[in-house]
Structure formats: C-alpha cells, structure tokens
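Colleague: Before I set anything up, could you show me the model, and then we go through it residue by residue?

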Amino acid sequence: MKKPNQKAWLAGGDALCANPPDPPPGPAWRLVLLGAPGVGKGTQAELLCARLGACHLSTGDILRNAECQGPRERSPALQAALASMHKGELVSDEIMLELVGERGRCMRCCGGFVLDGFPRTVAQAEALDAILEREGVSLDAVFDYELPLDEVVERLGGRRVCPSCKAVYHLTRQPPQKPGICDVCGAQLIRREDDKPETILTRMRAYEATTRPLLEFYRQKGLLVTVPANGTPDEIYARAWISGHSAQASRSAPSVKAGRG
Ligand code: AMP
C-alpha cells in the first residue's frame, strides 16, 4: 500500500501531499490514539497506518517540523508553542486548534487517518468534533494505550531519535547496531529535548491532569478501546486491532468494516 508522505499535515497552509493515498478497498478508518507520552503511540500509529493505508497525523511532528525552519520564518505563536514543548508543557489550546483547524482537509482524506497527540484536552476534543463535522467525517475508534508509570518513564528516558530520518530507538529495548548512529541513514542519534529527565515529569503531570479526563469523554461516546501497552510493538498492535474491530462491530453492526487491511 502507498505510504502517504504527510506533507500537507506537516507544512499546513497550501502544501499538497506528494504521494496522496489510494482510496482503500473499504471505507477509510479514522482513529485517535491516546496514552501517556512514551507509551508507544508513535510506533503503533506507524503500524496501523502501514496496514490501513491511512496517514499518521501527529501534532508533535508538526511542532518538531517547525523547529527545522529558521527562527525568522516562525510566527510568534509557533515560537511560543516550541518554547512550551521544550519545557514539557502543553501548548495552549488556542495555538493547537489553529494548527489543526487549518489542516482540516487531512481529516477528510480518502485514505483515513491516525491522529497521534491530538486531542490532549477536553476543549481540543470538542473542537475536533466540530472539525470532523465540518469535513463530513467521523471517528471509528479511540485507542487508549495503558502502561504503568515507572515503565513509561523508563521508555522515555532511553528513547533516542534520528534528527534526519526520524527513526526511533531505545538504548536497551531497540538499540541501533552502532551505538549512537542511525541504522537507516547513518546520522548521529539525539535525545529529544522533551525527553530530558527534568522534562519527563512535567509531561506526565500534564497528561494526568488534562489528557486523562478525555478517556471519559470518549467512553461516553462509545468509542474508547483500552489497549494494554506491554509487550512487543507487534503484540500491542495485534491486541489493538482485534479489540478495535470487535468494538467497532458491536457499535455499528450494519456498517461493519469487514475485509479491510
Ligand atoms: P508528542 O510528540 O505528541 O509527545 O508531543 C510533543 C510535545 O508537543 C508535547 O509535550 C507538547 O508540548 C506539544 N503538543 C503536541 N500535541 C499537543 C496538543 N494536542 N496539545 C498541547 N500540546 C501539544
């Protein structure tokens, strides 16, 4: 299946995707991934997108992409957003809603989407509902990945990323072949600014205080699927896939999305 290149999502504005997805054989899937930072949402999003042909829409990636621009190209709002991100704090709802609102057409893309990192507050979830309604689409499921706090902190502390091709490693769970060097492109691996120990705790507090209440929001809509996030990425993926399908089937029996993927 063709891999969408996310250009329209990352750049926003009038940017077009160089490689728009083909329509899937059945209806497109539109998913939201929830879970504490470091729980593995990014990896799961990639696996789901590879299977579904959907686009990985990460709000963290929009901000990290903006970091590659020169400071003079960034708007004051974007500059403020990056400062919050570096401290491990949440970016204001106002800025996030502006960034996501102007990317609404990615939501109606025929290939579907996997939203990762958005929404993170109830206000963002309500705004997402309005954007989806405007674009004439709706969510199929919200996957909530759950892991004990100490394991989350260990995962974040050991995470290393490639600044060039964005590959993700872990010092012990998924080390690169040559220490500190990306297997894919040979670049020097780095620790994300917001994975530094002093920042991890701030991020976890932000998650507990503002993102956890979203679980109830989506439970009440009958969309929430809880996925234990222990084990290998493939095991977690299989768990989510099976639970997501059965939840979807029991929620809307007449439009079961059988035969996809
Ligand atoms: P992530 O890669 O999703 O962990 O996001 C990295 C950082 O970007 C977060 O720690 C926040 O500072 C910021 N961020 C990303 N998405 C959002 C959002 N929906 N609301 C507020 N801040 C966000």
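Colleague: In which helix is the place of His86?

Modeller: This is a predicted model, which should be kept in mind for everything that follows. The side chain of His86 is joined to that of Glu67 by a polar contact of 2.4 Å, and, leaving out residues up to four places away in sequence, His86 touches Glu67, Glu193 and Thr199. As for its place, His86 belongs to residues 76-87, that is, to helix H4.

Colleague: Is His86 buried, exposed or partly exposed?

Modeller: The limits that matter here are 20% and 50% relative accessible area, with partly exposed lying in between. Because the relative accessibility of His86 is 30%, this residue counts as partly exposed.

Colleague: Ser84 is found in helix H4 too; is Ser84 buried or exposed?

Modeller: Apart from residues up to four places away in sequence, Ser84 touches Glu89, Leu90 and Val91. Its relative accessible area is 16%, and a residue under 20% is classed as buried. Ser84 is therefore buried.

Colleague: Turning to the ligand, which helix gives the most to the shell around it?

Modeller: There are 16 residues around the ligand, and those that come nearest are Thr59, Arg64, Glu89, Gly117 and Gln124. By class, this shell has 6 nonpolar, 4 polar and 6 charged residues. The element that gives the most, with 4 residues, spans residues 59-67 and is helix H3.

Colleague: How much of the ligand's accessible area does the protein cover?

Modeller: Among the polar atoms around the ligand, a backbone N or O atom of Gly117 lies 2.9 Å from a ligand nitrogen, and a polar side-chain atom of Gln124 lies 2.9 Å from a nitrogen atom of the ligand. On its own the ligand has 480 Å² of accessible area, and the share of this that the protein covers is 96%.

Colleague: Which residue has a side-chain N or O atom 3.3 Å from an oxygen atom of the ligand?

Modeller: The residue in question lies in helix H9, which runs over residues 197-211, and its side chain also makes a polar contact of 2.8 Å with the side chain of Asp195. The residue with that 3.3 Å distance to a ligand oxygen is Arg203.

Colleague: Is Arg203 buried or exposed?

Modeller: Leaving aside neighbours within four places in sequence, Arg203 is in contact with Pro37, Gly88, Leu156, Arg159, Arg192, Asp194 and Asp195. Because its relative accessible area is 9%, Arg203 is buried.

Colleague: What separates the C-alpha atoms of Val100 and Gln124?

Modeller: Val100 lies in helix H5, residues 93-101, and, at 0% relative accessibility, counts as buried. Not counting residues up to four places away in sequence, Val100 touches Trp9, Thr59, Met107, Phe118 and Ile131. Along the chain, Val100 and Gln124 are 24 residues apart, while their C-alpha atoms are separated by 9.6 Å.

Colleague: Which residue does a cis peptide bond join to Phe118?

Modeller: The partner has its place in the loop between strand S3 (113-116) and helix H7 (122-135). For this peptide bond omega is about 0 degrees, and the residue joined to Phe118 is Pro119.

Colleague: What is the value of phi in Lys166?

Modeller: Lys166 lies in the loop between strand S5 (159-161) and strand S6 (168-170). Its phi is positive, in a residue other than glycine, and is near 70 degrees.

Colleague: How many disulfides does a search of the whole structure find?

Modeller: A pair of cysteine sulfur atoms would have to lie within 2.5 Å. The sulfur of Cys68 is too far for a bond, because the closest cysteine sulfur, in Cys162, is 11 Å away. Cys182 is in no disulfide either, with the sulfur of Cys165 as its nearest, 3.6 Å away. The search finds a total of 0.

Colleague: Of Cys68 and Cys182, which is buried and which is exposed?

Modeller: At 58% relative accessibility, Cys68 counts as exposed. Cys182 has a relative accessibility of 3%, and the limit for buried is under 20%. The exposed residue is thus Cys68, and the buried one is Cys182.

Technical notes: Residues are numbered from 1 along each chain as its sequence is written. This is a predicted model: local features need pLDDT of at least 70, side-chain atom pairs count only at pLDDT 80 or more; totals for chains, interfaces and linings use all residues. Side-chain values use heavy atoms; hydrogens and water are left out. Buried means under 20% relative accessible area, exposed over 50%, partly exposed in between (1.4 Å probe, protein chains only). A residue is near a molecule or strand if one of its heavy atoms lies within 4 Å of it. A polar contact is a pair of N or O atoms within 3.5 Å; within protein, one must be able to donate a hydrogen and the other to accept it, and residues adjacent in sequence count only if both atoms are side-chain atoms. Accessible areas come from the Shrake-Rupley method with a 1.4 Å probe; for residues, only the protein chains shown count as cover. Helices (H or I, at least four residues) and strands (E, at least two) are DSSP runs, numbered from the N terminus. Ala, Val, Leu, Ile, Met, Phe, Trp, Tyr, Cys and Pro count as nonpolar, Asp, Glu, Lys and Arg as charged, and the others, Gly among them, as polar. Contact means heavy atoms within 4.5 Å.
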